[in-house]
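Q: Could you take me through one part of this predicted model up close? I would like to look at the place where chain A and chain B meet.

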Amino acid sequence: MSAPRPILLRNGRLICPASGLDKKGDLLLAKGRVEAIGGKIAPPNNAKVIDCAGKVVAPGFIDLHVHLREPGQEYKETIATGTASAAAGGFTAVCCMPNTEPVNDSAAVTEQILERAAKDGSARVYPVGAITPGLGGQALTQMAELQQAGCVGVTDDGHPVSDSRLLRRAMEYASGFDLPVVCHSEELALSAGGAMHEGPTSTRLGLPGIPAQAEVIAVERDLALAGLTGARVHICHISCAGSVEALKRAKEAGWAVSGETAPHYLALCDQDVGEYDTHRKMNPPLRSAADREAVRRGLADGVIDAVATDHAPHSVLEKELEFGLAAFGVTGLETALGILLELVDEGLITLPQMIERLTASPARILSLPGGSLAKGGPADVCVFDPAAPWVVEPGKMRSMSKNTPFAGRELPGRAVVTICGGKMTHQAKE
Amino acid sequence: MSLSRRNLLGLDGMSAGEITTILDTAENLKEISYRPIRKVPTLRGKTIVHFFYEASTRTRTSFELAAKRLSADTVSLSASTSSLTKGETLIDTAKNLLAMSPDCIVIRHSQSGAPHLLAKHIPISIINAGDGAHEHPTQGLLDMLTIRQAKGRLDGLKVSIIGDITHSRVARSDLIGLNTMGSEVTFYGPRTLIPPAVESLGAKVAGSMEEAVADADVIIMLRVQQERLTDVLFPTLREYAQRFGLGMKEMKAAKKDVVVMHPGPINRGVEMSPEVADGPWSVILDQVANGVAVRMALLYLLIGPEAA
């Protein structure tokens, strides 16, 4: 394969939170690396020059939490379509959860995912391996081998480890290899049977509720075990006030902990389930308006380190059903930037803060390359227009699944060019 | 009289005017059930599908009789006879039914919101005959008709609903309908069976059985579902009967002109003692009779000659 042509991104607003850079200038990418940054750069002979005036030039976004569904559920998403969706949203790297079929609990599955990603992918793919074989919650996977094969962390995601003793062992063992443990924190005995957040809307709709405490109790436990073991622990998709407070305390205690939230928890709340809209059904569920406010504050204050989409594609087979029977999960890769730009427009966070939550911060949490525009670093870049309104149309999405909670919503801006490893992976149609 | 709607999915969003229209129509149609020949040709040539995904005896019988007294043709499907057991989705089953051009689907389903899903995909009248723990609008209407007959009005009344509120679609429809008509609804039951934030729906919650009974013009007792025992929502039927059951002791503290209702079937000796169920205050059998009238009214208004 021939090396891609150098790309000169001219005259954009360069924002690199990792180095504190926020200045107009040029960016030159060559041989898959950042060749030069800042000021006026003369284009090399064969360079492709892209005018970025009025646009923001940021490090490519990194999503800590996606479901690519391959292997096993290719009718929902594949590595090819999932990473194409990522590229369309400005992402250059995604961390894929292990709940595939078979579960990513062995080096063989990890290698299969990485091979497929190298062949078909439009973004870097970092698998997160399972904590327990088959997500069964009974024993430990061979984490060292998983790590060697390319896993950047371990998690049982939607099937959280209930046995605190086993989770303690997992954290202790993983910490010996500096392998982060990623926690979907849910007390299953308390959430069992629930379909949405427990509150006035669940009562009105007659749907069994999931109290916020089902999340808070588990977040508190997972963080306590982080304190006990010293392991690097990352809390997934924080949706409620109690979890933000717990994470804040754990950080103040000096533990090696971090947390993410997802765009839908920043933009929607339980009332938005409306009349049984299954595209607003996910786990954890959309919480109260007060919880949403606390999560927004947590993101602005930096208690919540990162935004991850929890991109969870499902086909109509799982979604055009009675609400109680529909699958949990929504897509998110192509709408995340737009939703976050709303928060910038509202003045909740600044553009550099927004970019930090999508780049430097996730890179740090799972020790991933990229996340900055540093000279010599990977040529992973997102060029976006913060003021180019568009309306979300599920039919036009690159993801194979159309279960977005934001259909019909006007978002303030979008990615116009995405470059991964010096190769253009997305270019918006004008 | 007519209604400007195609479906009856719930009493949520229904105006006082619409409710009054339905109840008045039911009063007019009621006498048909007492004629020597209990049938009129109003819905001749109309086809109604009764689609019961969940066991039901009285609601289904009531709908069947209502349709037959208006001369509609009816087909019944239950979960065990439908393709549901063969893995077909609700929407597919309904689209197949639609291909046989019925005029109305009456659906009972264990999942809240199932009638709403159907209404989104099927362009004919859908009547909710009870969905999960959400609504049971025809029960709410027949309860209101019964109360209006007993009390002469539906505004300014105090109605207490006692028992398993959490899992009761009847409680929700009664609450919404009675609030719309200007009455006050108080819930009482074991705290495990009072849903969270229920005050936000406009209900009051009583602190004791005495409080729930004292000022009530109407007391509606709900059925204790035996399967709740395995879910550990209360300790024993014995303690339930003692603390949350309606017996003669409670009736002595009630208003003299109180009426007592129950959507049935009654667990005698659990939520209600036999003396109470059969006492002069009981309008439980009126509820059953009114059920047929209300369902006739709805069919008439939704798919009859003057339907929108």
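A: Across the interface of chain A and chain B, six residue pairs are in polar contact. On the side of chain A that touches chain B, the residues divide into seven nonpolar, four polar and five charged. There is also one salt bridge between the two chains. You can find this salt bridge at B:D12 and A:R204, where the closest N and O atoms are 3.5 Å apart. That fits the cut-off, because a salt bridge needs a Lys or Arg side-chain nitrogen within 4 Å of a carboxyl oxygen of Asp or Glu.

Now step back to the whole contact. Chain A brings 16 residues to the contact and chain B brings 23 residues. Together the chains bury about 1,500 Å², and carbon and sulfur atoms give 60% of that area. If you want to pick out residues on chain A, try A:T203, A:Y276 and A:E322: these lose the most area to chain B, together 39% of what that side buries.

Chain A also has a meeting place of its own, between domain 1 (7-57 + 378-427) and domain 2 (60-365). Here 38 residues of domain 1 are in contact with 49 residues of domain 2. The two domains of chain A bury about 3,200 Å² between them, with 64% of it on carbon and sulfur atoms. In domain 1, A:M400, A:N403 and A:P405 lose the most area to domain 2, together 21% of what that side buries. The count of salt bridges between these domains is two. One salt bridge to look for joins the side chains of A:R409 and A:E342, at 2.8 Å from N to O.

How values were computed
Residues numbered from 1 in each chain as written. Chains lettered and ligands numbered in written order. Predicted model: local features only at pLDDT ≥ 70, side-chain atom pairs only at ≥ 80, totals over all residues. Heavy atoms only, no water. Contact = heavy atoms within 4.5 Å. Buried area = accessible area lost by both parts, 1.4 Å probe. Polar contact = N/O pair within 3.5 Å; in protein donor to acceptor, adjacent residues only side chain to side chain. Nonpolar A, V, L, I, M, F, W, Y, C, P; charged D, E, K, R; others polar. Domains from an automatic or database assignment.
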